[in-house]
Amino acid sequence: MAARRIDGTQAAAELRRALSVDVAAFAAEHGRPPGLATVLVGEDAASAVYVGAKQRACAEVGIRGFDHRLDADASRDEVLALLRELNADEAVDGILCQLPVPAHLDGVELTNVIAPQKDVDGLTIASAGRLALGLPGLRPCTPSGVMRLLEHVGTELEGAEAVVIGRSNLFGKPMAQLLVQADATVVIAHSKTVGLDEVCRRADVVVAAAGRPEMVRGSWIKPGATVIDVGINRRDPAPTDGSSALVGDVAHDEVAAHAAAITPVPGGVGPMTIAALLANTVEAARLQAGTPAAPRTGGAA
Ligand code: NAP
């Protein structure tokens with residue numbers, strides 16, 4: 001069986017097209033587009049690339065981007081003051097403080113200064129609590145992007161057995177909660193899980209986010225399962241034959257021989273994460289303007 005490729009680049013492009021219509025409608029109604037502020041402290045190269053990609057994606061759908069960059073030695077008070085200013089700014093609907101921040105700052109403290117209604121990364125304690133309680137709120141972007149991909153590929157979640165490999169606050173925990181809300185039966189695996197291969201073999205859906213290159217093998221996969229590869233790892237040494245320098249947590253070709261559908265790396269979860277951030281920004285704008293629309297799957301519901 002050859003697995004269907006879950007094309008995150010295409011699914012994200014479709015979502016962005018739909019969002020540009022929503023953005024234009026919001027702008028027509030409110031006299032301004034939704035606004036997303038990014039805050040980057042320091043010069044971490046990867047973070048600068050991520051922030052740049054987020055700002056470009058905003059521009060593409062018509063969201064107004066506010067790109068705040070602070071020096072690596074910016075003080076705690078300086079960053080807190082900027083975040084509070086953005087909380088009060090009516091042109092800013094969503095705020096994202098790019099992590100990690102330099103060592104003298106506390107990323108958890110900074111994140112939690114963001115007003116919950118502007119928390120488009122879904123990472124504040126308030127947003128995590130709302131998700132845990134099943135209340136409406138803004139959901140973390142990568143898990144909500146995965147939910148959109150599962151919908152895109154038509155994976156039935158009600159009654160399905162799902163395994164999430166990884167229990168981070170950023171991804172694994174919220175991912176498991178979204179799957180439970182979609183009526184899947186969910187196992188959360190982590191580095192102390194015994195017999196992970198056996199655990200995976202039971203699953204109709206495997207979501208791998210351990211940060212371990214090609215850890216999930218073909219023999220772990222139940223025939224016909226859907227496999228979502230969240231891992232982003234750099235090949236070491238870097239390939240010299242022009243193939244991608246990135247590799248996921250799933251041994252792609254082996255697993256594709258058993259699975260019904262699988263995301264590639266790159267071009268799977270990554271593009272959908274940014275599209276989910278844009279969707280959260282539009283949703284945040286509507287909620288603050290008092291004109292919420294039926295959220296697209298994986299969003300604020
Ligand atoms: P993290 O905070 O390092 O968490 C990794 C999790 O994997 C931990 O819960 C850890 O278990 C578990 N783990 C590690 N080794 C394992 C093993 N051998 N077997 C089973 N579980 C194991 O990482 P993260 O932030 O969740 O990210 C995970 C991966 O996803 C990374 O590759 C990251 O780059 C990628 N990612 C991609 C996107 C995207 O947009 N595509 C977004 C976010 C993250 P313990 O808790 O026991 O240590």
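In the predicted model, helix 7, which spans residues 172–181, contains a set of buried residues, namely G172, P174, M175, A176, L178 and L179. The elements that cover these buried residues include two helices, helix 5 (125–132) and helix 6 (141–153), together with strand 5 (161–165), strand 6 (185–189) and strand 7 (205–208). Helix 7 is followed by D183, a residue whose phi is positive, near 75 degrees.

A ligand is also present in the model, and 22 residues surround this ligand, with R167, S168, S191, V230 and T273 being the closest. Two of these closest residues can be described further through their side chains. In the case of S168, an N or O atom of the side chain is 2.5 Å from an oxygen atom of the ligand, while for T273 an N or O atom of the side chain is 2.9 Å from an oxygen atom of the ligand. The backbone takes part as well, since a polar backbone atom of H190 is found 3.4 Å from a nitrogen atom of the ligand.

Attention may next be turned to the pockets. The second largest pocket holds about 250 Å³ of space, and its lining is made up of 16 residues, among which E214, R235, V247, H252 and D253 lie nearest the centre of the pocket. When the residues of this lining are divided by character, six are nonpolar, five are polar and five are charged. At least two lining residues are supplied by each of two elements, strand 10 (246–247) and helix 9 (252–256), and it is helix 9 that gives the most to the lining of the second largest pocket, with three residues.

A single residue, Q55, was examined in the same manner. Q55 is placed in helix 2, which covers residues 45–61. Because the relative accessibility of Q55 is 13%, and buried means under 20%, this residue counts as buried. When residues up to four places away in sequence are not counted, Q55 touches L36, T38, G65, F66 and D67. For F66, one of these partners, a polar link can be added to the description, as the backbone oxygen of F66 lies 3.4 Å from a polar atom of the side chain of Q55. Q55 is thus described by its place in helix 2, by its burial at 13% relative accessibility, and by the polar atom of its side chain that lies 3.4 Å from the backbone oxygen of F66.

Terms used:
Residues numbered from 1 in each chain as written. Predicted model: local features only at pLDDT ≥ 70, side-chain atom pairs only at ≥ 80, totals over all residues. Heavy atoms only, no water. Helix = DSSP H or I, 4+ residues; strand = E, 2+ residues; numbered from the N terminus. Buried < 20%, exposed > 50% of the residue type's maximum accessible area, 1.4 Å probe, protein only. Polar contact = N/O pair within 3.5 Å; in protein donor to acceptor, adjacent residues only side chain to side chain. Contact = heavy atoms within 4.5 Å. 1 Å grid on protein atoms, 1.4 Å probe; cavity = no way out; pocket = protein on both sides within 12 Å on 5 of 7 lines; lining within 4 Å. Points joined across faces, edges and corners; volume = space filled by probe spheres on them. Nonpolar A, V, L, I, M, F, W, Y, C, P; charged D, E, K, R; others polar. Near = heavy atom within 4 Å.
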